[in-house]
Amino acid sequence: MVLEELQEIAKIENERQGQFEHTINVCVAAGCLSCGSQELLDAFKREIDKRGIEKWCNAKGVGCLGLCTAGPLVSVEPSSTIYKAVTVSDVPEIIDALTGSPVSRLACSSDMSFFKKQQKIVLENFGAIDPERIEEYIARRGYESLFAALRDMTPSSVIERIVKSGLRGRGGGGYPTGLKWTTVMKASGPQKYVICNADEGDPGAFMDRSVLESDPHRVLEGMAIAGYAVGADKGFIYVRAEYPLAIKRLKKAIAQAEQLGVLGRGIFNTTFNFEIKLRLGAGAFVCGEETALIASIEGSRGNPRPRPPYPAEHGLWGCPTLINNVETFANVPTIIRNGSDWFAGFGTEKSRGTKVFALAGRINNTGLIEVAMGTTLRDIVFDIGGGIPEGSKFKAVQTGGPSGGCITEEHLDIAVDYDSLTKLGSIMGSGGMIVMDSTSCMVDVAKFFVEFCMTESCGKCVPCRDGSAQMYHLLNKITRGQGRMQDIHLLEKLCDLIKNTSLCGLGMTMPNPVMSTMHYFKDEYLAHVIDKACPAGVCNMKSGGRQ
Amino acid sequence: MKKVSQIQTLVIDGKEVGGRHDETILQVARENDIFIPTLCHLDGLTEYGGCRMCIVEIKGMPRLTPSCTTLIREGMVVTTNSERIMEYRRGILALLFTERNHICSACVSNGHCELQGLALKLGLTHVEFPYIFPKMPVDATHDRFIADHNRCVLCSRCVRVCHEVEGAHTKDIMGRGITARIITDLMQDWGESKTCTGCGKCVHVCPTGALTEKGKSVAEMEKRRQFLPYLKLMRERS
Ligand SMILES: Cc1cc2nc3c(=O)[nH]c(=O)nc-3n(C[C@H](O)[C@H](O)[C@H](O)COP(=O)(O)O)c2cc1C
Ligand code: SF4
Ligand code: SF4
Ligand code: FES
């Protein structure tokens, strides 16, 4: 494969797409599929056949359109109309409207903040390409960056571009990606590996899953570029088995890429080889932790081990290993293509680029969004997210899942980046955002996350294994109206112990939801303990006489 | 390619000490008669880093660090016994006591138990947290040994000795978090195990009364651990 061939594929594909005056894009990512978008796509195809208009009208499945709350979503090009909650019976009407004005009953307003205020880099192809056809990815300049890296750049210059872009790991920790790549490149060893962490275990998070379902080739390309940069010829994607659609599309994508020769041996007629294999995780949250993940790929129990040594020096089977998150890799092709200055033009000084968030909870526009770093929480929740359901009042937004904390009204105007969230006692995490209103009890929220950590703790180290069980017990007591002041003191003590003595990130960050709710909502804890009342009316204070 | 060993100097509890670059803080401390409590560590086995008893403070690091898994570095300043560390160690030990059923007066290992020894040594006089008292099984199907899961602290010494020294890999851990437990083969009765060689190494490395020999009554079960460093040394020589 040479550049001309790649461009030829792009040209043919663009011509193919150009012959259609109208394209109907039906979202076939997991969210919309679950409300029947496959039948909808079939219905569009049948209707097009029936009317005999297949020469100028095309219906295809595409990746996530973002506004998952209102699925199934359909976008119509070239008018860029987006229809929400479309049913099979709406199909004829939408096709009729192709040549006229949109079906106003179903159309989302095009200047809706949800679409306007986003900045798409990782999600640039979402809703536009069919994730199961490599040609469509190539038509949007896919694999050009890999070509450019292999043919025109040295590994060091690839790394330099990543360093200069300021990209930081999107898997939670925010570690500078360029620095990690440099370390792996410099580590000595005949064999090196690249691992893509697609374990995504935070409750409520679906960013990585959407990327894999909607634009899988972007991740493959990012991994291959990374492999070239650090000197690895083998890559693994560790993806949880609960994501069957992502797995299916990844498998298909890998097969297509190998067939075209953009993965495999002698890529683009160079001496660079890179193969990618899938490894399925059985759904343990802790297997997202990098050392546990590596143990799991090696076939062992998914227990974390102490670091250092870091995987960059001593990773998979003892070899230097680069491990990055799905979204981190997904940024790479665009950075190579558009340059580091372009990328660094988005975001804040210490957090460059954009971040994908999964909005969930008590918010009108549940779904997947991508915004420039530095966007305020207020914009995210009230403009893009469309605010809180009517008649209710915003209380807090929880970021970072079980490792994060709550952010309250008074801090809504901060610019979201790694450092600002940490300062407020939360973390960026992988991008889950759960919005809570006056119907949420913050003690109950803390209990939910602690219970999650208790059941997901691997059990290796004592503070996390037993501390989580004790914290859960105390919170359970408090939410049943049996708490005493002393229990609050014990909770504080446990938080401090677990945070400072646990082995891995799961234990270290598990106290965050408790500490942050105790900090911002102490009054709710006190109401449970002193007045035996749950202000939000969530906890059943008289339940259970036990304990 | 053998790496040349480098000597590095550091300060532990105000004392200037030296060690090889591939030695852990714990090793160097012990060579210098500085006491650090341990539970999952055992000379002759790979390090595990699970019990967190051996935590120390390293200057410049906000969190505590396990000394058994941390290699020394030139210029490190380590504290092993500040009040803060002792408080955390007591907290961790207290959590271990609440986890299962540790009623010493009814245990064959009473007086020879490392968990009990640690409690005495660290001055753990009371436990603030409620006891969980789960009902755990006792496996007495083996001819000579008993596994009483009520006494297990999940230190994984038995798993490691069986895999690393005996080479049988009969013992392993099943389940996660608070429900994790030691199993024999694929959760079979010990007496039915086809892989267990009956060597008894696991029994002798077990710090508590979880693995014991049959026929011992209260406080009679003494364990012999000296075989392990000796075996290892002999194997390395040959
Ligand atoms: C308990 C735990 C769970 C984690 N889960 C994930 C995960 O699901 N996906 C992920 O990318 N990183 C996860 N991480 C972070 C990884 O350990 C690792 O830092 C990350 O994959 C590095 O990639 P990055 O530098 O691109 O962020 C988790 C960490 C911990 C402690
Ligand atoms: S902190 Fe929790 S999850 Fe991490 S090693 Fe310890 S027990 Fe396992
Ligand atoms: S049985 Fe004994 S050696 Fe094995 S994990 Fe339990 S306490 Fe440790
Ligand atoms: S002895 Fe170091 S963690 Fe157990």
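## Sheets, helices and two ligand shells

Let's start in chain A, where helix α12 (residues 244-260) lies across β7 and β8 and runs at about 165° to β8(A). Keep in mind as you look around that this is a predicted model.

The strands under that helix belong to an open sheet of four, ordered β8-β7-β6-β9 in chain A, with parallel pairing. At the edges stand β8 (275-281) and β9 (321-325) of chain A; each has a single partner strand, so one side of each is left without a neighbour in the sheet. On average, neighbouring strands here are turned by 20° against each other, ignoring direction. For a closer look at one pairing, take strand β7 (residues 234-240) of chain A, which runs parallel to β8(A) and is joined to it by seven bridges. In that pair, G235(A) sits opposite I276(A) of β8(A).

A second helix belongs in this picture too. Helix α11 (residues 216-230) of chain A lies across β6 (193-198), β7, β8 and β9 of chain A, and runs at about 150° to β6(A).

Further along chain A, have a look at strand β14 (residues 432-437). Why can we call β14(A) largely enclosed by the rest of the structure? Five of its six residues are buried, and that is the reason. Buried here means under 20% relative accessible area. As for partners, β14(A) pairs with strand β10 (residues 354-361) of chain A in the parallel sense, through four bridges. One place to spot this is A360(A), whose bridge partner in β14(A) is I434(A). Strand β12 (residues 394-399) of chain A also pairs with β14(A), this time antiparallel and over five bridges. There, V397(A) has V435(A) of β14(A) as its bridge partner.

Now for a helix pair. How do helix α18 (residues 442-456) and helix α23 (residues 522-531) of chain A cross? Their axes come within 8 Å and cross at roughly 95°. An angle from 65 to 115 degrees counts as roughly perpendicular, and α18(A) and α23(A) are therefore roughly perpendicular to each other. On the α18(A) side the contact has M442(A), V443(A) and A446(A), which meet E524(A), Y525(A) and H528(A) of α23(A). Sorted by class, this contact has four nonpolar, one polar and one charged residues.

Chain B has an open sheet as well: three strands in the order β6-β7-β10, paired antiparallel. Its edges are β6 (138-139) and β10 (211-213) of chain B, each with a single partner strand, so one side of each is left without a neighbour in the sheet. Strand β7 (residues 145-148) of chain B is linked to β10(B) by three bridges and runs antiparallel to it. In this pairing, F145(B) stands opposite E213(B) of β10(B).

That leaves the ligands. Which residues are closest to ligand 2? They are C458(A), C461(A), C464(A), C504(A) and G507(A), out of 13 that surround it. Around ligand 3 there are also 13 residues, and C152(B), C155(B), S156(B), C158(B) and C206(B) come nearest. The table sets out both shells by class.

| Shell | Nonpolar | Polar | Charged |
|---|---|---|---|
| Ligand 2 | eight residues | four residues | one residue |
| Ligand 3 | ten residues | two residues | one residue |

Terms used. Residues are numbered from 1 along each chain as its sequence is written. Chains are lettered from A and ligands numbered from 1 in the order in which they are written. This is a predicted model: local features need pLDDT of at least 70, side-chain atom pairs count only at pLDDT 80 or more; totals for chains, interfaces and linings use all residues. Side-chain values use heavy atoms; hydrogens and water are left out. A residue is near a molecule or strand if one of its heavy atoms lies within 4 Å of it. Ala, Val, Leu, Ile, Met, Phe, Trp, Tyr, Cys and Pro count as nonpolar, Asp, Glu, Lys and Arg as charged, and the others, Gly among them, as polar. Buried means under 20% relative accessible area, exposed over 50%, partly exposed in between (1.4 Å probe, protein chains only). Helices (H or I, at least four residues) and strands (E, at least two) are DSSP runs, numbered from the N terminus. Two strands pair if DSSP finds at least two bridges between them. Axes are lines fitted to C-alpha atoms, for helices over the stretch in contact, and angles run from 0 to 180 degrees between N-to-C directions. Angles under 35 degrees count as roughly parallel, over 145 as roughly antiparallel, 65 to 115 as roughly perpendicular and the rest as oblique. Contact means heavy atoms within 4.5 Å.
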